[in-house]
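Visitor: I am new to this, and I would like to hear how each term is earned rather than take it on trust. Please show me the model first.

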Amino acid sequence: MKLLLSADLHLGRQSSRVGDRTSHTTIACWQRMVNLAIERGVNAVLLAGDVVEQRNKRFESYGPLSAGIAKLAAAGITTVSVSGNHDFDVLPQLVDSIDQDLFFLLGRNGNWETKVFTIGDERLQVDGWCFPDKRVPVNPVASYVAEDHEVDLHLAMVHGDLDATNSRYAPITTDSLSKINVTGWLLGHIHKPELKNASQPWILYPGSPQAMDPGETEMHGVWLLDTDLGVEPRQIPLSSICYSPVEINVTACDEDDAISGFVEKKLKEHGLAFIENSSAELGIVSLRPTIIGDCQQPLTVGRDLEYLDEYQIDVAGVSIEVDKVVVNIRQELSFEEFAGQKNGLAKAVQLLQELETGEYSTATTRLMENFRARSVKLSNNYSSLIAVDDELVSGQQLEQLKRKLTNIISTIREQSDV
Ligand SMILES: [Mn+2]
């Protein structure tokens, strides 16, 4: 039998950072999903919660959802779902108002439910649990009960937060899932696609089929489980957009003038890799490059790259573009050159060298202690506004200092032409 597995469709939302291009919506992705299910001849579509963004998207979602379910049903395809924290209230209503025999919601009100589907001469058992409320601070798998049937494939589906002990969104544990005798667990909630556990049962977060913001990086899509090919599902790309961070190191460029061209080349290569591995559905590769490495004049290169976020090329009908840039390049420095000198530049270079090697002089040790104490004090002053714990991690603090120092050195050198 063949099953299409998904979750976190969030119907009613659209992908961010796409300007005025209106086709990158979760509803359009659902329509592609329906077509794919029919093309691939799947027997059932399983949706593990957050099918709809939330209650306020009910009317927007009703038409496309019911049309898709009807199209699947007309092709003999069953749709089975559970609700998640986003659609705990609206999904049951939609399932009730969509008049289709082949659309099921399993485990209403947080009570586990079992259903057996006959597919040709095979039988599929699915156990499901619905989010009964916006928040559920306990592990729903602790109350798992299922009927015992003689079947060819047994799956279970639940929406929840895996191995996140203090989560208010159904904190399920790998340990509790592993103890249940099923072939696989289809989960929803985490939008990053991931198949865990090669051993039985597999645990799959199919991820959001349409990537919705730059935090949802890399390839997103749906998963196909074809029991003729094996019992483990595999991903099929379906998102119309792929967000990807990319680090580009420019140290290999001998001349600063070559850096812009080099960066362009790397961006294109990175975009092409996604195009090659994706489906015809891909329309945008949205890149967030971080430019690192050494050069001769970082300030000049920084100015050269100032408008890198305007980068956009079309390749095979796909737009490869830059969303946001971080430039973190530095000057090639010969520390020996400044040894023994007493001017400000030499002092800055010497301090940078100490930060790089970790061999601090007494004065630098004192400076670092001072810097840390003042940072803590300042952050406490503003603790009512934002948490700055991250910025007080010493590694990050050190990176920040080195960046500032590099910038100071570059500025002095550019001004004095040394
Ligand atoms: Mn979700």
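Guide: Let us begin with one pair of residues: Ser-81 stands opposite Leu-105, which lies in strand 4. This is a predicted model, in which local features need pLDDT of at least 70 and side-chain atom pairs count only at pLDDT 80 or more, while totals for chains, interfaces and linings use all residues. Residues are numbered from 1 along each chain, as its sequence is written.

Visitor: How do you know that strand 3 and strand 4 pair?

Guide: Helices (H or I, at least four residues) and strands (E, at least two) are DSSP runs, numbered from the N terminus, and two strands pair if DSSP finds at least two bridges between them. Strand 3, residues 78–82, shares three bridges with strand 4, in the parallel sense, so the requirement of at least two bridges is met. Both belong to an open sheet of six strands in the order 4-3-2-1-13-14, with mixed pairing.

Visitor: What makes strand 4 and strand 14 the edge strands?

Guide: Strand 4 (103–105) and strand 14 (234–237) each pair on one side only. Neighbouring strands of this sheet are, direction ignored, turned by 25 degrees against each other on average.

Visitor: Why are helix 1 and helix 2 called roughly parallel?

Guide: Axes are lines fitted to C-alpha atoms, for helices over the stretch in contact, and angles run from 0 to 180 degrees between N-to-C directions. The axes of helix 1 (residues 26–39) and helix 2 (residues 58–74) cross at roughly 5 degrees and come within 10 Å. Angles under 35 degrees count as roughly parallel, over 145 as roughly antiparallel, 65 to 115 as roughly perpendicular and the rest as oblique, and helix 1 and helix 2 are therefore roughly parallel.

Visitor: Which residues of helix 1 and helix 2 meet?

Guide: Contact requires C-beta atoms, placed from the backbone, to lie within 7 Å; in helix 1, Ile-27, Trp-30, Gln-31, Val-34 and Ala-37 meet Pro-64, Gly-68, Lys-71 and Leu-72 of helix 2.

Visitor: What is the angle between helix 7 and helix 9?

Guide: Helix 7 (residues 344–357) packs against helix 9 (residues 394–416) at about 155 degrees, with the axes 10 Å apart. That angle therefore makes helix 7 roughly antiparallel to helix 9. Among the residues making the contact are Leu-352 of helix 7 and Leu-405 of helix 9.

Visitor: How far apart are the centres of domain 1 and domain 3?

Guide: Domain bounds come from an automatic or database domain assignment, which gives domain 1 (2–236), domain 2 (242–331) and domain 3 (337–416). Taken over C-alpha atoms, the centres of domain 1 and domain 3 are separated by 49 Å.

Key. Contact = placed C-beta atoms within 7 Å.
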